[in-house]
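Biologist: I'm new to this one, so could you pick a single part and walk me through it slowly? Please start with any term I'll need.

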Amino acid sequence: KTGETGGKGDSFPLCEGCRRATCEAEEKDEFPALLDPCKAGDPLAIDFTTDGRAIPKYSGDKDVRKMRGEISIKAYHLNHTALIEERRQHSILLKEKIIAACHAERQYATGDLASKSNFDEAIAYLHRAIQPQAQFSAYAKRVLQCHKENPLIDAILASA
């Protein structure tokens, strides 16, 4: 549809200087160049720009985390046009919920009890967006971090 192709396929690159295992017992000595999203520390090597593009979190030229981030972003096609657009749309919705939460909180503070449910709904949405199982959760955290000077958002991030 977009003319872009990509994906991991059957690519299993290893970090430079690492020997490929020839049997199961040697696998523990391999050091994959691709990040493993199932390993808690690996996804931390990828960050996002505010426009939705995936970038390596680390910038040192000789930093293996930067190299693994770059290779993974390319192999997993994390900057596919459709994914960037989905993240951008998600960002718009998150910002709308932040505004709604702040507005409802102000109304609630002045005695408008009906606004409490709007406040709760917006806060619950933001909480759900940053849960690890949520789609684009890492990007949602990045978007919320841009608003962490807001005490509401800071509290949501602190509770994650």
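Modeller: Sure, and one term up front: "buried" means a relative accessible area under 20%, "exposed" means over 50%, and "partly exposed" covers what lies in between. Keep in mind that this is a predicted model. Let's look at helix 5, which covers residues 151-159. Leu152, Ile153, Ile156 and Leu157 are its buried residues. Look down the helix axis and those buried residues fall within an arc of 130°, so they line one face of helix 5. What do they pack against? Their partners are helix 2 (81-109), helix 3 (115-129) and helix 4 (137-145). Now turn to the face that points away from the buried side of helix 5: there you'll find Pro151 and Ala158, both exposed.

The start of helix 5 has a nice detail too. Asparagine 150 has a side-chain oxygen that comes to within 2.8 Å of the backbone nitrogen of leucine 152. That's the Leu152 from the buried set.

A little earlier in the chain sits cysteine 146, so let's check the sulfurs while we're here. Cysteine 146 is partly exposed, at a relative accessible area of 40%. Its closest cysteine sulfur belongs to cysteine 102, and at 15 Å that is too far for a bond. In fact, the structure holds zero disulfides. Cysteine 38 is in none either, with the nearest cysteine sulfur, in cysteine 15, 18 Å away. Cysteine 38 is exposed, with a relative accessible area of 73%.

Terms used: Residues numbered from 1 in each chain as written. Predicted model: local features only at pLDDT ≥ 70, side-chain atom pairs only at ≥ 80, totals over all residues. Heavy atoms only, no water. Buried < 20%, exposed > 50% of the residue type's maximum accessible area, 1.4 Å probe, protein only. Helix = DSSP H or I, 4+ residues; strand = E, 2+ residues; numbered from the N terminus. Arc of directions from axis to C-beta. Contact = heavy atoms within 4.5 Å. Polar contact = N/O pair within 3.5 Å; in protein donor to acceptor, adjacent residues only side chain to side chain. Disulfide = S-S within 2.5 Å.
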